[in-house]
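Biologist: Please take one helix of this model and go through it closely. I would like to know which side of it is covered and what it packs against.

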Amino acid sequence: LYGAAIPSLVIWGLGTPLYLLYQGVRAKGKPEKILAIQEFISSYREEFYFWESLIYTQRYLIMVFIITVKDLSTQIKVTGVLFFLSLYYLGAITFQPRRFDAANSLDALSYLIIIATISLGYLSMDGNAGNILQYSLLVFMIILNVGFV
């Protein structure tokens, strides 16, 4: 699982904030770009002001689940994580919490990318798969994440 987690943490944990910083620097002196970035970040509809807290709750539940169920197999852990992510994906596409369709589509796509990343990472851990297949899955997973960012 670490083979999937480490690249994803680097890409999502560092790549996304660095990309937003880059966009912010490019927007310097251009109020319309600054407003666009700010609008995207605060684009939740009023009745879904709590949505971001649900996302953090989801992340917390996933961490608690993975940490507390040490006795369960990796397959069960991955299935549990995919279940939590699928619930939030369904919520994102059902409720459309953002004011703009593009932002809702981006949220839904991000959940699909995360689900695909975890699935590919798990498949790449299969001991019966050859090294070429394992590395191919990891490379595809990294390309998928970098392409999204």
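Modeller: What follows is a look at helix H3 and then at the parts around it.

This is a predicted model, in which local features need pLDDT of at least 70 and side-chain atom pairs count only at pLDDT 80 or more, while totals for chains, interfaces and linings use all residues. Residues are numbered from 1 along each chain as its sequence is written, and side-chain values use heavy atoms, with hydrogens and water left out.

Helix H3 covers residues 51-68, 18 residues in total. Helices here are DSSP runs of H or I with at least four residues, numbered from the N terminus. From first C-alpha to last, H3 reaches 26 Å, close to the 26 Å expected at 1.5 Å a residue; the expected span is 1.5 Å times one less than the number of residues.

The buried residues of H3 are Trp 51, Ile 55, Gln 58, Ile 62 and Phe 65. They lie on the same side of H3 because they cover an arc of only 90 degrees around the axis, the arc being that of the directions from the helix axis to the C-beta atoms. Buried means under 20% relative accessible area, exposed over 50%, and partly exposed in between, with a 1.4 Å probe and protein chains only. On the face turned away from the buried side, H3 carries the exposed residues Tyr 56, Tyr 60, Ile 67 and Thr 68.

What does the buried side meet? The buried residues of H3 pack against helix H4 (74-95) and helix H5 (101-124). Tyr 111 gives a closer view: leaving aside neighbours within four places in sequence, Tyr 111 is in contact (heavy atoms within 4.5 Å) with Ile 55 and Gln 58, and also with Leu 85, Tyr 88, Tyr 89 and Ala 92.

Trp 51 and Tyr 111 also belong to the largest nonpolar core, which has 19 residues. Such a core is a set of buried Ala, Val, Leu, Ile, Met, Phe, Trp, Tyr and Cys residues joined through side-chain atoms within 4.5 Å. Trp 51, Val 81, Leu 85, Tyr 111 and Ile 118 touch the most other members. H3, H4 and H5 each supply at least two residues of this core, and H4 gives the most, with eight. In soluble globular proteins, nonpolar side chains tend to be buried together.
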